[in-house]
Amino acid sequence: MFNFPDYFHYIIIQMKKLFLIFIVFVASKSFSQTIINRDPEIEKMVQEVSVDSLQSYISTLVSFGTRNTLSTQTDKKKGIGAARNWVLEKFNQFAKNSDGRFTAIIDTTTIPADGRRMDKAVLLGNVMATLKGTDPNDKRIFIISGHLDTRRTDVMDRTGDAPGANDDGSGTAAVIECARIMSKRSFPATIIFVAVSGEEQGLFGSTFMANKAKKENWEVEGVFNNDIIGSNNSNETNIINNTKVRVFSEGIPLDASEKDIAGIRSLGLENDSKSRELARYVKETGERYVDHLDVVMVYRTDRFLRGGDHLPYLKNGFTAVRITEMNENFNHQHQDVRIENGIQYGDLPQFVDYEYLRKNTSLNLANLANLAKAPSAPGEVKIEVKTLSNSTSLSWQSPKTGKVKGYYILMRETTSPVWQTKIFTAKNEMTLPYSKDNYFFAVQSVNESGNESLPVIPGIKRD
Ligand SMILES: [Zn+2]
């Protein structure tokens with residue numbers, strides 16, 4: 001006989017099942033459908049990034065006339081010397097609100113003449129500020145870098161105006177603005193904010209810093225090189241768009257040995273270098289916190305014919321990416337300021353889109369904060385390959401520092417550029433009913449406020 005309460009109960013159970021299927025579907029389809037809340041502290045910091053501040057930094061930087069690495073270091077108002085003293089002064093102002101955690105120096109070294117782009121020995125100075133991490137056991141360092149120096153058409157011209165509003169006033173302004181906002185806060189890991197010199201003459205400042213980091217065993221886990229991030233249009237295509245930014249990352253690491261390359265080849269990991277994982281992280285985190293900004297990953301170390309300050313870090317085995325605008329305008333780069341056939345050439349402040357620069361600065365800030373707040377990455381991440389199986393078993397150890405809530409297992413098809421599925425677990429192992437032959441996996445730590453470590457690609461576990 002038909003029993004109404006039983007039937008009702010049956011319906012409820014079916015509805016619950018449907019609801020669960022719906023939840024699993026929503027949670028696993030892709031990041032766009034994964035529900036991850038913004039960390040209110042990071043959201044607040046992102047809101048503090050100010051168009052006015054960025055504009056005022058660039059206006060001051062341009063006022064030094066030229067910031068060519070070979071320019072005067074004794075003039076109080078013009079040249080690279082005055083410019084770097086001003087950046088140091090800004091950092092020192094911020095230090096006052098940091099309870100002694102934020103300190104700044106001009107880190108100098110003498111670069112000898114090389115007969116190429118250095119026709120005399122120069123005392124080169126990187127303006128470097130350190131926001132010391134609050135956890136003494138946490139040795140991780142994240143670096144945001146821009147280059148202070150500028151150039152004209154002739155890279156050796158050290159006296160004519162080289163405003164460098166965008167190249168790389170924009171990157172330098174982003175560094176200063178992140179320092180202003182972050183120096184008031186504290187993070188378990190250390191963040192270094194640096195405006196280097198000597199980029200245009202041959203990446204001298206970043207080489208000096210990356211070599212030092214290697215020699216002194218700094219645990220640099222991510223470098224954000226910001227170079228040309230403030231203009232929204234290309235002179236050739238007439239595209240005007242301030243909703244896209246590029247992040248360049250290497251595939252096969254520059255420092256990979258033959259043995260490393262054999263490992264990469266055997267597991268099909270050409271697209272999973274640490275820098276590529278950082279690029280994915282930048283995209284995911286950036287798009288989580290910055291509205292109306294798409295992060296476009298470019299699977300290249302850098303653009304044709306050009307390099308940047310992330311390269312010396314890569315050569316030293318560190319993880320680094322280049323962040324750069326989507327549509328470059330070559331009338332404004334490396335050009336003497338002039339009007340020719342009615343066209344204004346030169347890297348002038350009026351060509352900077354400060355709203356675009358605000359978004360790109362926010363992208364950096366959100367990523368630095370999410371990384372520096374996160375626990376360190378899980379250790380000994382392994383994928384079991386003892387027997388042939390259509391499932392995937394992963395295991396890992398708790399991170400060395402930071403309080404974890406749990407871990408995310410990341411999964412994607414081998415042809416997918418981004419992680420497609422993000423599954424939470426509080427345990428230190430997980431078996432998934434998906435074949436390791438058909439997907440890539442990684443594991444990241446996550447804390448209570450949702451800050452994730454960089455993902456770790458599993459190594460092989462045979463026993
Ligand atoms: Zn540049």
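**Close-ups of a predicted model**

**View 1. The zinc ion and its donor residues.** Along the sequence, the residues that donate to the zinc ion follow the spacing H-x19-D-x59-D. Aspartate 167 sits in the loop between β3 (140–147) and α5 (169–182), and aspartate 227 in the loop between β5 (219–226) and β6 (244–248), so the pair ties together parts that are 60 residues apart in sequence. Helices (H or I, at least four residues) and strands (E, at least two) are DSSP runs, numbered from the N terminus. This is a predicted model, in which local features need pLDDT of at least 70 and side-chain atom pairs count only at pLDDT 80 or more, while totals for chains, interfaces and linings use all residues. Numbering starts from 1 along each chain as its sequence is written, and side-chain values use heavy atoms, with hydrogens and water left out.

**View 2. Geometry at the zinc ion.** Coordination comes from His147 (NE2), Asp167 (OD), Asp227 (OD) and Asp227 (OD), at 2.0 to 2.6 Å. Donors here are N, O and S atoms within 2.8 Å of the metal (3.2 Å for Na, K and Ca); water is not among the atoms, so sites may look incomplete. The angles among the four donor atoms run from 54 to 147 degrees, and the site is irregular. For the label: four donors count as tetrahedral if all angles lie between 85 and 135 degrees; four count as square planar and six as octahedral if opposite donors are over 155 degrees apart and all others between 65 and 115; anything else is irregular. Aspartate 167 counts as buried at 5% relative accessibility, and aspartate 227 is buried too, at 2% relative accessible area. Buried means under 20% relative accessible area, exposed over 50%, partly exposed in between (1.4 Å probe, protein chains only).

**View 3. An open sheet of four strands.** The order is β15-β12-β11-β17, with mixed pairing. At the edges are β15 (429–432) and β17 (459–461), each pairing on one side only. Two strands pair if DSSP finds at least two bridges between them. Strand β12 (residues 392–397) runs antiparallel to β15 over four bridges, and serine 395 has glutamate 429 in β15 as its bridge partner.

**View 4. Around asparagine 451.** This residue is in the loop between β16 (439–446) and β17, and asparagine 451 is buried, with a relative accessible area of 0%. The side chains of asparagine 451 and aspartate 39 share a polar contact of 3.1 Å. A polar contact is a pair of N or O atoms within 3.5 Å; within protein, one must be able to donate a hydrogen and the other to accept it, and residues adjacent in sequence count only if both atoms are side-chain atoms.
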